[in-house]
Amino acid sequence: MPNAATSWWDAVRHAPPHDRRDWALAAIVLAGVVLEGALRQDLTWRPVAVVFGCGLALATLLRRAHPLAAVAYAFGGFAALDVAAFVAGAEPVALLSGWTVLVLVYSLLRWRGDRDAVMGLAVVTLAIAVIVGVDFPGIAETIAGSALVLLAAALGASVRYRAAAREQRIEQAKLQEREQLARELHDTVAHHVSAIAIQAQAGLFLARSASLSGATEALETIDREAARTLAEMRTMVSALRDRRRQPATAPQRRIADIEHLVSSSTDALRVGVRLSGDLTNLSPAVEGAVYRVAQESITNATRHALQATRVEVEVDGDATEVRLTVSDDGARTAPGADRPGFGLVGMTERVTLLGGTLTAGPNPDRGWSVRAVLPRGIAAP
């Protein structure tokens, strides 16, 4: 898996379409351009400046989807106007709304990597060189202006890197959960296939003793296929494991083990567990998933539920599905509630792989709840 720096360089961030913030920014730029055109007496080439300023407002709307084009228009436009004014012997076209270029540089490094970022920064560097060459404002002003542009670029790159790192950690959490689920499924299926093989071998012995050729052939086939299935499954699970991490072997958890989670109780936070309905003859994978979700939810409540005094775990089953609800009575606002933690991401991946659903969010009055619904058996992919 590539690291975050590689993801930052190679991947094109899928920018969301412009939203109300972009419309508001464009409106501010446009209003500023109109006011400058109407009130500034020293504005060079007023009609040209106003038209160019309107283009800057449009560029703010395109800064997510087409940041390279927006940066090229803004910096290239300012450079072209300064060169034209220099040739004509006029004053440079100095729009106060030109601060928009900082937003465009930020957007370029935030939403684009590799070639687009390099090309955009090359355009910016060339445009600044041209502008300084035809209208040198002084060393201090040049350094300050260049520093602001670099700061905007660095901020965009930093936000992009953090987003790439978070996406990578989310994928790692999903892969780890898939690996854990594969190991648990291997243990369960291996047990049943081993039982089939033992029964086939016993039947094969009896069939040979009674000279039942047809039964012998069938049982030999069952024996071979059972052995082949076990070998292939072990190979598959071995390939799925990350050999850099060899977690200690732990027994697969069951629904009944959830009652042991009350040991997580402290004087400040009490944990209650209630099991009801039909919870017998469940798929081991489903039992393991219910336990893991309950465990992760209690851990999250212990760490993050503000002012919480109690966590309630309820598991209910019927003929078709199993339902789990974990609720706390903490403050309704949870830190980072809009960005689920990596443990919750892993649990969602596990539940989804088993054909279920998992949701998490604030309760209507107080606290936070995690709800999972899984079919009694493993859903077909």
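## A surface patch, a sheet and two cores

Val87 is exposed, with a relative accessible area of 68%. Keep in mind as you look around that this is a predicted model. Val87 belongs to helix α4, which spans residues 67–88. Together with Val83 and Phe86, Val87 makes a nonpolar surface patch of about 300 Å². Why can Val87 count towards such a patch? Patch residues need over 30% relative accessible area, and Val87 qualifies on that point because its value is 68%.

Now let's turn to the strands. Here are two pairings that involve β3:

| Pair | Residue ranges | Sense | Bridges |
|---|---|---|---|
| β2 and β3 | residues 310–317 and residues 321–328 | antiparallel | seven bridges |
| β3 and β5 | residues 321–328 and residues 368–375 | antiparallel | seven bridges |

With three residues between them, β2 and β3 form a hairpin. Gly317 has Val322 of β3 as its bridge partner. On the β5 side, Thr325 stands opposite Arg371.

These strands also help to build the interior. The largest nonpolar core has 33 residues, and Ile258, Val290, Val315 and Leu324 are those with the most contacts inside it. At least two residues of this core come from each of α9 (284–304), β2, β3, α10 (342–353) and β5. Helix α9 gives the largest share, nine residues.

Which residues does Val290 touch? Leaving aside residues up to four places away in sequence, Val290 touches Ile255, Ile258, Val315, Val322, Leu324 and Leu374. Apart from this core lies another one of 29 residues, including Ala70, Ala79, Val101 and Ala152.

Note on methods: Residues are numbered from 1 along each chain as its sequence is written. This is a predicted model: local features need pLDDT of at least 70, side-chain atom pairs count only at pLDDT 80 or more; totals for chains, interfaces and linings use all residues. Side-chain values use heavy atoms; hydrogens and water are left out. Patches are made of residues with over 30% relative accessible area and no salt bridge: like charges are joined within 9 Å, nonpolar side chains (Val, Leu, Ile, Met, Phe, Trp, Tyr) within 5 Å. Accessible areas come from the Shrake-Rupley method with a 1.4 Å probe; for residues, only the protein chains shown count as cover. A salt bridge is a side-chain nitrogen of Lys or Arg within 4 Å of a carboxyl oxygen of Asp or Glu. Helices (H or I, at least four residues) and strands (E, at least two) are DSSP runs, numbered from the N terminus. Buried means under 20% relative accessible area, exposed over 50%, partly exposed in between (1.4 Å probe, protein chains only). Two strands pair if DSSP finds at least two bridges between them. A nonpolar core is a set of buried Ala, Val, Leu, Ile, Met, Phe, Trp, Tyr and Cys residues joined through side-chain atoms within 4.5 Å. Contact means heavy atoms within 4.5 Å.
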